[in-house]
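Reader: I am new to this structure and would like to know what stands behind the words used for it. Please take me through the terms one at a time.

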Amino acid sequence: AKQDGRDGYRFYEESMGESFKRVLTVQQGLQEAMTQDQLFLHFQPKFSDGGRRLTGAEALIRWNHPRLGAIMPAEFIPVAERSGQIIDIGYWVTRTVCRHLKRWDAQGREPLRIAINLSPQQLHHPNVVPRMLEICQQEDVAPSRIMFEITETVAMHDAELSSRVIHAFHAHGFNIAIDDFGTGYSSLAYLQQFRVQQLKIDRFFTQGLDTHGEEGRNIVAAIVALAHSMNMEVVAEGVETDTQLDTLHDLECDQVQGYLLERPMPADKFEAFLDQSAQQ
Ligand code: C2E
Ligand code: CA
Ligand code: CA
Ligand code: CA
């Protein structure tokens, strides 16, 4: 019987496949990742004036696993969302952003606004607003320095609840952006009710400026017009070509972000980038 059990176990383990084992490793590893300084942030600048003026940056989480090396958020964020670890990771991200902001202020730099991505579970987690506020107060950073990016799908899922949370964030001075706009289904009534500061056009539409000709251009023009009619700034993400950049400028898109301008970079490189842009 014992022999059977062992064989049964081995069979189970083999049939789980490599990908499932990796998910388990990732989930178990995440616990240590936070306590053992394996997580860190990259920053990707956002620009206005066709890429000439720096307006802020988006914080993007990175994980350096001691054995597996670099693991990207597209792999571990979904695992953390399912396990609930995203809640603690999210607060860690906000605290870490605050500490970076504090250091850059102390270095006498122009005050920047940093965007932080929020997962569905985070937005709808009880007390998310007071917890974020508490972190800002503990770290002595004004909430107006932070912009939370919420994907369109998340905002529209349970839109009543999202609306209440967004209003509570606003009441304390936090800014909100709707991320990946155009890929989900938006209710225009809710979009108007949210009164967010920014709309981020999904990379798919930015690419469409190259690949979908007149039609691609018209779609982006419509999103820009929609955003401006509601007094929101529009940011195009994933800008990779000069054609995209020029067209976005023609279409009066307010801000751009993408590999063509700057890639996400670690804090020390971001500081060097800030030094360089301050000299210009
Ligand atoms: P996102 O919020 O839509 O972020 C944009 C992603 O596109 C980032 O990938 C960024 O590195 C990448 N990107 C930027 N410019 C370009 C470009 O020109 N071309 C292309 N092809 N890609 C570009 P990343 O850093 O791997 O993040 C993936 C996703 O993981 C993010 O998508 C976001 O949903 C999530 N994420 C990242 N950091 C966090 C975090 O701290 N908390 C939460 N909850 N989610 C995060
Ligand atoms: Ca984002
Ligand atoms: Ca996005
Ligand atoms: Ca995205």
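Author: What follows is a set of questions on the metal sites, some single residues and the helix contacts of this predicted model.

Reader: What makes Glu58, Asn117, Glu149 and Asp179 donors of the calcium ion (ligand 2)?

Author: For calcium, a donor is an N, O or S atom within 3.2 Å of the metal. The OE atoms of Glu58 and Glu149, OD1 of Asn117 and OD of Asp179 lie 2.2 to 2.3 Å from the calcium ion (ligand 2), so they count as donors. Along the chain these residues follow the spacing E-x58-N-x31-E-x29-D. The site links distant parts of the chain: Glu149 belongs to strand S5 (residues 146-151) and Asp179 to strand S6 (residues 175-181), 30 residues apart. Both Glu149 and Asp179 are buried.

Reader: Which residues coordinate the calcium ion (ligand 3), and at what distances?

Author: The donors are Asp179 (OD), Asp180 (OD) and Glu237, which is listed twice through OE, at 2.2 to 2.6 Å. These distances are to be set against the limit of 3.2 Å for calcium. The spacing of the donors in sequence is D-D-x56-E. Here too distant parts of the chain are linked, with Asp180 in strand S6 and Glu237 in the loop between strand S8 (233-236) and helix H11 (242-250), 57 residues apart.

Reader: Why is Asp180 called partly exposed, and why is Glu237 called buried?

Author: Buried means under 20% relative accessible area, exposed means over 50%, and partly exposed is in between. Asp180 has 23% relative accessibility, so it is partly exposed. Glu237 has 13%, so it is buried.

Reader: What makes Asp179 a bridge?

Author: Asp179 coordinates both the calcium ion (ligand 2) and the calcium ion (ligand 3), and the two ions are 3.8 Å apart. Asp180 coordinates both the calcium ion (ligand 3) and the calcium ion (ligand 4), which are 3.4 Å apart.

Reader: How do you know that Asp180 is a donor of the calcium ion (ligand 4)?

Author: Asp180 is listed twice through OD, at 2.8 to 3.0 Å from the calcium ion (ligand 4). The limit for calcium is 3.2 Å, so these distances qualify. Water is not among the atoms, so a site may look incomplete.

Reader: Why is Gln38 called buried, and what does its side chain touch?

Author: Gln38 has a relative accessible area of 10%, and the cut-off is 20%, so the word buried applies. Gln38 sits in the loop between helix H1 (2-35) and strand S1 (39-48). Its side chain makes a polar contact with the side chain of Trp63 at 3.0 Å, against a limit of 3.5 Å for such a contact. Leaving aside neighbours within four places in sequence, the residues in contact with Gln38 include Gly29, Glu32, Ala33 and Arg62.

Reader: What makes Leu133 buried, and which residues is Leu133 in contact with?

Author: Leu133, in helix H5 (residues 128-139), has 15% relative accessibility and so counts as buried. Apart from neighbours within four places in sequence, Leu133 is in contact with Pro143, His172 and Phe174. Leu133 and His172 are 39 residues apart in sequence, and their C-alpha atoms are 7.5 Å apart.

Reader: Which residues of H11 are buried, and what do they pack against?

Author: Gln244, Leu245, Thr247 and Leu248 are buried in H11. The buried residues of H11 pack against helix H9 (203-211), helix H10 (213-229), S8 and strand S9 (255-256). Glu252, just after H11, takes a positive phi of about 65°.

Reader: How is the crossing of H9 and H10 described?

Author: The axes of H9 and H10 come within 7 Å and cross at roughly 145°, and the crossing is left-handed. Among the residues making the contact are Phe205 and Leu209 of H9 and Ile219, Val220 and Ile223 of H10. By class, the contact has five nonpolar, four polar and one charged residues.

Reader: What is the crossing of helix H3 (residues 86-106) and helix H12 (residues 267-279)?

Author: The axes of H3 and H12 come within 12 Å and cross at roughly 35°, and this crossing is right-handed. His100, Arg103 and Trp104 of H3 meet Ala267, Phe270 and Glu271 of H12. These residues divide into three nonpolar, one polar and two charged. Arg and Glu count as charged, so Arg103 and Glu271 are the charged ones.

Conventions. Residues numbered from 1 in each chain as written. Chains lettered and ligands numbered in written order. Predicted model: local features only at pLDDT ≥ 70, side-chain atom pairs only at ≥ 80, totals over all residues. Heavy atoms only, no water. Helix = DSSP H or I, 4+ residues; strand = E, 2+ residues; numbered from the N terminus. Buried < 20%, exposed > 50% of the residue type's maximum accessible area, 1.4 Å probe, protein only. Axes fitted to C-alpha atoms, helices over the stretch in contact; angles between N-to-C directions. Left-handed = near helix turned anticlockwise from the far one by under 90°. Contact = heavy atoms within 4.5 Å. Polar contact = N/O pair within 3.5 Å; in protein donor to acceptor, adjacent residues only side chain to side chain.
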